[in-house]
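Trainee: I have a model open on my screen, and I would like to learn how to read it. Could you walk me through it?

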Amino acid sequence: MGGAGVENHVLNKDHHSYTNGETLEMVDMTDGDTSSNSSEKQPLVRELKQDGMYLRDEDNVGSGRGPMCRRWMKCVGWVCKLPKDLPQSLRYVILGTKLNILLLCVPLAMLGVQLNFGHGWVFLLSLLGMAPLAERLGFVTEQLSFFTGSTVGGLLNATFGNATEMIICIFALKNNMIRVVQQSLLGSILSNMLLVLGCAFLFGGLAHPTKDQKFRKATAQVTSGLLLMAVMGLLFPAALHATKTEMHTGTSELVLSRFSSIVMLIAYTAYLYFQLKSHKDLYDCEEEGEGNEADSESDECILSFWGSIAWLAVLTVFISILSEYLVDAIEGASASWNVPVSFISVIILPIVGNAAEHASAIMFALKDKLDISLGVAIGSSTQISMFVIPFCVVIGWPMGTRMDLNFQLFETATLFITVLVVAFMLQEGTANYFKGLMLVLCYLIVGASFFVHMDHKPDHCE
């Protein structure tokens, strides 16, 4: 824009329409001097307002300030704006959830470790404090996705959607607690497929008692196929160990697990491409429904880009601290409560850790948006079985931990039956309260089974 263009815009008050929808403002840098002489001596400074940020440039646009300079000024503007945005971001991040009262458990858990409250209390406080942190991590990830494309946003959701489980597993692997890793991941899958999906079907059916709620069979069949593939990856190492047919005892099982994990990660990457690129139209209705029915804080961009990054780092740090407390106290809590470690890992940890997902799945089912409820429940199970579990096997490789896909025969059989039951429930593309009731009752049977189950650690876990 030349000097004549600037003069034409100056004639139209202070705010002007720019070519690409931005706001152009002319600011007089005269320090309050309204005289025409002093105004002529001071340069006019243009402020380019974009995304709530001001990029200041001298009056002469052609003075050599190119795109790189503007990007640099934009980054500086973001950093300078962080302190101003802090009260607003605190209000939305800390007070924006009904679970915020449980955030008091975070400092109490830290205090309990320092004052030796006991493993039972430390474990309970850490577990309760983890629930709001995990829910807020999902909210911040959604805010960050506003500044990325659909592909990057999908990858962010896939990565941070189960970040809590991944962090807990990394600390457990560091302490060589392989059975805790395996059982907590298994419990997350069982909880999402039976309890979360069952409650969504049950309460959605009770809210709409005169009809069967419908969802897309095509997407449900794709995720069911992935879950069956995950069962196959876990079944063969367990069968190889149970039948004692390993070519090299203790080694073949581990090598097979690592190879299968790499294959499963490749399959999950292909699934992301399938979902986000090649067959995006299959999931369009879910995205539109989610956009129409989500809460107001999810509909609009509330946090800035760097604000989202900062909160992501802060929440991850606190989740890591509580995860370490959980892992260190789980065996002591089992002894003090007289409850098996397997029951705590498979039942208690997933229920509290996935409380936010439980609530959102039920909420969308009540609004007759079952496609989104399935995306929360079955989608999360797919992420854990096809991404988090193989990731733990691969990450344990350089750590020197013999993490494998042998979840033992009892756990693998439980997962296999669960996937079959859910696949049969989804094959018709309809849901009602009776199907939901059956899934919830199946979860009660699973919970009772693990309460009386005595876990025998494999040789490499001891």
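Mentor: Happy to; we will go from the whole chain to helix packing and then to single residues. Keep in mind throughout that this is a predicted model.

Trainee: Let's begin with the overall make-up. How many helices and strands are there in the protein chain?

Mentor: The protein chain holds 18 helices and six strands. It has 462 residues, and 47% of them count as buried. The surface it exposes comes to about 22500 Å², with carbon and sulfur atoms supplying 63% of that area.

Trainee: And what share of the contacts joins residues at least 24 apart?

Mentor: Take the contacts between residues at least 6 apart in sequence: 76% of these join residues at least 24 apart.

Trainee: Now the helices. What describes two packed helices?

Mentor: Two values do the job: the angle between the axes and the distance between the axes. Try this on helix α9, residues 217-242, and helix α17, residues 409-426. Their axes lie 9 Å apart, and the packing angle is about 160°. Angles over 145 degrees count as roughly antiparallel, so α9 is roughly antiparallel to α17.

Trainee: What is the hand of the crossing of α9 and α17, left or right?

Mentor: That crossing is left-handed. On the α9 side, the contact is made by Ala220, Ser224, Leu227, Leu228, Val231, Leu234, Leu235, Ala238 and Ala242. From α17 come Leu409, Thr412, Leu415, Phe416, Val419, Leu420, Ala423 and Leu426. Sorted by class, the residues of this contact are 15 nonpolar and two polar, with no charged ones.

Trainee: At roughly what angle do α9 and α16 cross?

Mentor: Helix α16 covers residues 370-399, and its axis comes within 9 Å of the α9 axis, crossing at roughly 30°. Angles under 35 degrees count as roughly parallel, and α9 and α16 are therefore roughly parallel to each other. This crossing is left-handed.

Trainee: Which residues meet there?

Mentor: In α9 you will find Ala220, Thr223, Leu226, Leu227, Met229 and Ala230. They meet Leu374, Ile378, Ser381, Thr382, Ser385 and Met386 in α16. The classes here are eight nonpolar, four polar and no charged residues. Ala220 and Leu227 are worth selecting on your screen, since they are listed in the contact with α17 and in the one with α16.

Trainee: How are α8 and α16 arranged, parallel or antiparallel?

Mentor: Helix α8 is residues 178-207; its axis and that of α16 come within 9 Å and cross at roughly 170°. They are therefore roughly antiparallel to each other. Their contact has 17 nonpolar, six polar and no charged residues.

Trainee: On to single residues. Is glycine 233 buried or exposed?

Mentor: Relative accessibility tells you, with buried meaning under 20%. Glycine 233 lies in helix α9 and counts as buried because its value is 11%. Leaving aside residues up to four places away in sequence, glycine 233 touches Met264 and Leu405. Its C-alpha atom is 7.8 Å from that of methionine 264, although 31 residues separate the two along the chain.

Trainee: And what about methionine 232, its neighbour in number?

Mentor: Methionine 232 is also in helix α9, yet at 48% relative accessibility it counts as partly exposed. Threonine 412 is 180 residues away in sequence, and the C-alpha to C-alpha distance to methionine 232 is 9.6 Å. For another case, pick isoleucine 309 in helix α13, residues 305-337. Isoleucine 309 counts as partly exposed at 30%, and its C-alpha atom is 8.3 Å from that of valine 140, 169 residues apart along the chain.

Trainee: Last topic: the backbone. What should I look for in phi?

Mentor: Most residues other than glycine have a negative phi. Asparagine 116 has a positive one, near 55°, and sits in the loop between α4 and α5. Glutamine 408, not a glycine either, has a positive phi of about 75° and lies in the loop between α16 and α17.

Trainee: Are those two residues buried or exposed?

Mentor: Asparagine 116 is exposed, with a relative accessible area of 66%, whereas glutamine 408 counts as buried at 15%.

Definitions and conventions. Residues numbered from 1 in each chain as written. Predicted model: local features only at pLDDT ≥ 70, side-chain atom pairs only at ≥ 80, totals over all residues. Heavy atoms only, no water. Axes fitted to C-alpha atoms, helices over the stretch in contact; angles between N-to-C directions. Helix = DSSP H or I, 4+ residues; strand = E, 2+ residues; numbered from the N terminus. Parallel < 35°, antiparallel > 145°, perpendicular 65-115°, else oblique. Left-handed = near helix turned anticlockwise from the far one by under 90°. Contact = heavy atoms within 4.5 Å. Nonpolar A, V, L, I, M, F, W, Y, C, P; charged D, E, K, R; others polar. Buried < 20%, exposed > 50% of the residue type's maximum accessible area, 1.4 Å probe, protein only. Areas by Shrake-Rupley, 256 points an atom, 1.4 Å probe, with all protein chains shown as cover.
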